[in-house]
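Student: I should like to go through this structure and ask on what grounds its descriptive terms are applied.
Tutor: Please put the questions one at a time.

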Amino acid sequence: MGETWTTADIPDQRGRVAVVTGANTGLGYETAKALAERGASVVLAVRDVGKGERAAAGLTGDVSVQALDLTSLDSVRTAAAALWSRFGRIDLLVNNAGVMYTPKRTTRDGFELQFGTNHLGHFALTGLLLDLMLPVPGSRVVTVSSTGHRIRAAIHFDDLHFERSYGRAAAYGQSKLANLMFTYELQRRLAPYGTTVAVAAHPGMSSTELARNTPAALRLPLTWLAPLITQTPAMGALPTLRAATDPAVLGGQYYGPGGRYEVKGHPRLVTSSPQSYEAAVQQRLWAVSEDLTGVRFPVRSGPHPVAAAAAGMR
């Protein structure tokens, strides 16, 4: 497909089950809307069920709501159990929800809020749902990162939760770098199965509620510049949608806006920072994430047995 990929290029999604986190507003809402309009059964996995139900009422197609609070591992486990009881398969998991530049706070489990929400919550949810995806050829895990993964970003293994010194931008950068490292390591672990792939995306600069915690000194300049440097949530969702639905997408790829500096534009294949590809750091982050969440991913050396049996019956 060309470099003007739009929602018109989304293939028919009938028969697919898609779970989108943070789908009651912004990028998640636009992602869910486009998938539902193309026929997918879409689950809005949201913290505020009331807001989720109001969002679902404005969408067409098969749309439902699932309570999910990524700041609580108990909530993540409860949501995963509910999805297991409702569906026999999941074709698409979009790890979209997130927080940015929040004041220093922790999740219910004591994790720094941005790292705990953006990375650890999604890490746990993916691990708990993966056995619903591995039997499904063509299934995908799409995780939304950010250009912020390049800004003051590192995985601070000696102070993951910024207990010694907190910086909003550094904490956000760590969480978004973690999203990419998780995607790349997940893809390596998924490759032997031959059914599910992991892909990442970023929205560029989109005008959403995510920026509500931007430091006060930057709010006015950003308001003046917004028409020049931001795009609508519908445009910002396109990289995620392409990563989720384009048949040409490969595991381990990263999609973002195609304009200058990846700020705006139609989605295309992009690259992330050199440090995001450091395999040893990815593997260390994975081990730490398993320890912190208590979630262990399925481990097999070959195709998922259900998928293999289905292939043998064809």
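Student: Why is glutamate 290 called buried or exposed?
Tutor: Buried means under 20% relative accessible area, exposed over 50%, and partly exposed in between, for a 1.4 Å probe and protein chains only. Glutamate 290 has 14% relative accessibility, so it counts as buried. The model is predicted: local features need pLDDT of at least 70 and side-chain atom pairs count only at pLDDT 80 or more, whereas totals for chains, interfaces and linings use all residues. Residues are numbered from 1 along each chain as its sequence is written, and side-chain values use heavy atoms, with hydrogens and water left out.

Student: What makes the meeting of glutamate 290 and arginine 296 a salt bridge?
Tutor: The term requires a side-chain nitrogen of Lys or Arg within 4 Å of a carboxyl oxygen of Asp or Glu. The N to O distance between the side chains of glutamate 290 and arginine 296 is 4.0 Å, and the pair is listed as a salt bridge. Salt bridges with shared partners also join Glu185, Arg188 and Arg189 into one network.

Student: How many salt bridges does a search of the whole structure find?
Tutor: The search finds ten. One of them joins the side chains of arginine 89 and aspartate 91 at 2.4 Å, N to O. Arginine 89 has 37% relative accessibility and therefore counts as partly exposed, whereas aspartate 91, at 4%, is buried.

Student: Why are glutamate 37 and lysine 33 said to be separated by about one helical turn?
Tutor: They are four residues apart in helix α1, hence the description. Their side chains meet in a salt bridge of 3.1 Å, N to O. Glutamate 37, at 47% relative accessibility, is partly exposed, and lysine 33, at 30%, is partly exposed.

Student: What makes α4 and α9 roughly perpendicular?
Tutor: Helices here are DSSP runs (H or I, at least four residues), numbered from the N terminus. The axes of α4 (residues 113–133) and α9 (residues 279–293) come within 10 Å and cross at roughly 85°. Angles of 65 to 115 degrees count as roughly perpendicular, and α4 and α9 are therefore described in that way.

Student: Which residues of α4 and α9 meet?
Tutor: Contact means heavy atoms within 4.5 Å. Among the residues that meet are Phe115 and Phe123 in α4, and Trp286 and Glu290 in α9.

Student: How do you know whether threonine 31 is buried or exposed?
Tutor: Threonine 31, in helix α1 (residues 26–37), has a relative accessible area of 1% and is therefore buried.

Note on methods:
Helix = DSSP H or I, 4+ residues; strand = E, 2+ residues; numbered from the N terminus. Axes fitted to C-alpha atoms, helices over the stretch in contact; angles between N-to-C directions. Parallel < 35°, antiparallel > 145°, perpendicular 65-115°, else oblique.
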